[in-house]
Every structure is written in structure tokens, then in C-alpha cells.
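Q: Please examine one part of this model closely, and set it in the context of the whole chain. I would like a single connected account that proceeds from the general to the particular.

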Amino acid sequence: MGPCSYSGINKRMALYLVNHYEGVRMVEFESFSKDNITGTWSGDALVNDKYYVRFTLWNLGGEISMSQLTSRNSGEVLEKRKQIDSKSDLDIDVRYGKLK
């Protein structure tokens, strides 16, 4: 499936990102895959050309979580919002880099 097949899922992941983390200007989705054993879906992305993250979706319409893959030793991490926002429209640049 191409990026258009996942556009609704990618929008959910991008909204999760902007609602839970400060200063998000851009997200570039790079991969998306399903683990048939657990039933989870994973999506890797680059945020603000700097931070690598991995989203996990518990089934396609289920709960989303996110892990930062960038080394914390550098002190370069996305800052969590003190209070979760509830935006429903994306006002960031969303790209589909290497996503196939």
C-alpha cells in the first residue's frame, strides 16, 4: 500500500504528536508495518528534521503510543506538553519520505 492508503492513520499519528509534544513543525513518515503476532502497527517518522520517533497503534483504530528513538545522551528530545492539547486540524508540514 502507498502513502495514500495510510493517510487517515498518518493523520492520527501526526495529531497525536502535535497534541502531546511542543514545537512540532514537520513530520516525515518513513515506514509503516504490521506485526501479525501482536496485531500492532508501527510507523517510523522524522520530526522537525531532527528527532526520530516510532508510533505504535494497537489495531488501526486503537490507542496510539510514541517512543523517541533519538539518543537522549545528546539532550535532544521532543518536549512533552504539560497539558495535552486537543487539536483536530493539522497545521504542520506532513511528508511521506520513504514510505511505501
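A: Accessible areas here come from the Shrake-Rupley method with a 1.4 Å probe. On that basis, in this predicted model, the chain exposes about 6100 Å², and carbon and sulfur atoms supply 46% of that area. The chain has 100 residues, of which 39% count as buried. Among the contacts with a separation of 6 or more, 51% are accounted for by residues 24 or more positions apart.

The secondary structure comprises 1 helix and 5 strands, and the elements follow one another from the N terminus as α-β-β-β-β-β. The part chosen for the close look is strand β1, which spans residues 26-34.

The setting of β1 is an open sheet formed by 5 strands, in the order β4-β3-β2-β1-β5 and with mixed pairing. The edge strands of this sheet are β4 (64-68) and β5, each of which pairs on one side only. From one strand to the next, the twist averages 25°. In the order of the sheet, β1 stands between β2 and β5, and its two pairings may be taken in turn.

Towards β2 (residues 40-47), the pairing of β1 is antiparallel and extends over 7 bridges. Within this pairing, Phe29 has Ala45 of β2 as its bridge partner. The two strands also form a hairpin, with 5 residues between them. Gly39 lies in the turn of that hairpin and has a positive phi of about 80°.

Towards β5 (residues 93-95), the sense of the pairing is parallel, over 3 bridges. Two positions illustrate this contact between the strands: Met26 has Asp93 of β5 as its bridge partner, and Glu28 stands opposite Arg95. In a regular strand, side chains alternate between the two faces of the sheet.

The helix completes the surroundings of β1. Helix α1, residues 7-20, lies across β1, β2, β3 (51-58), β4 and β5. Relative to β1, the helix runs at about 130°.

In summary, β1 is joined to β2 by antiparallel pairing over 7 bridges and to the edge strand β5 by parallel pairing over 3 bridges, while helix α1 lies across β1 and the other strands named above.

Methods:
Residues numbered from 1 in each chain as written. Predicted model: local features only at pLDDT ≥ 70, side-chain atom pairs only at ≥ 80, totals over all residues. Heavy atoms only, no water. Helix = DSSP H or I, 4+ residues; strand = E, 2+ residues; numbered from the N terminus. Buried < 20%, exposed > 50% of the residue type's maximum accessible area, 1.4 Å probe, protein only. Contact = heavy atoms within 4.5 Å. Pairing = 2+ DSSP bridges. Axes fitted to C-alpha atoms, helices over the stretch in contact; angles between N-to-C directions.
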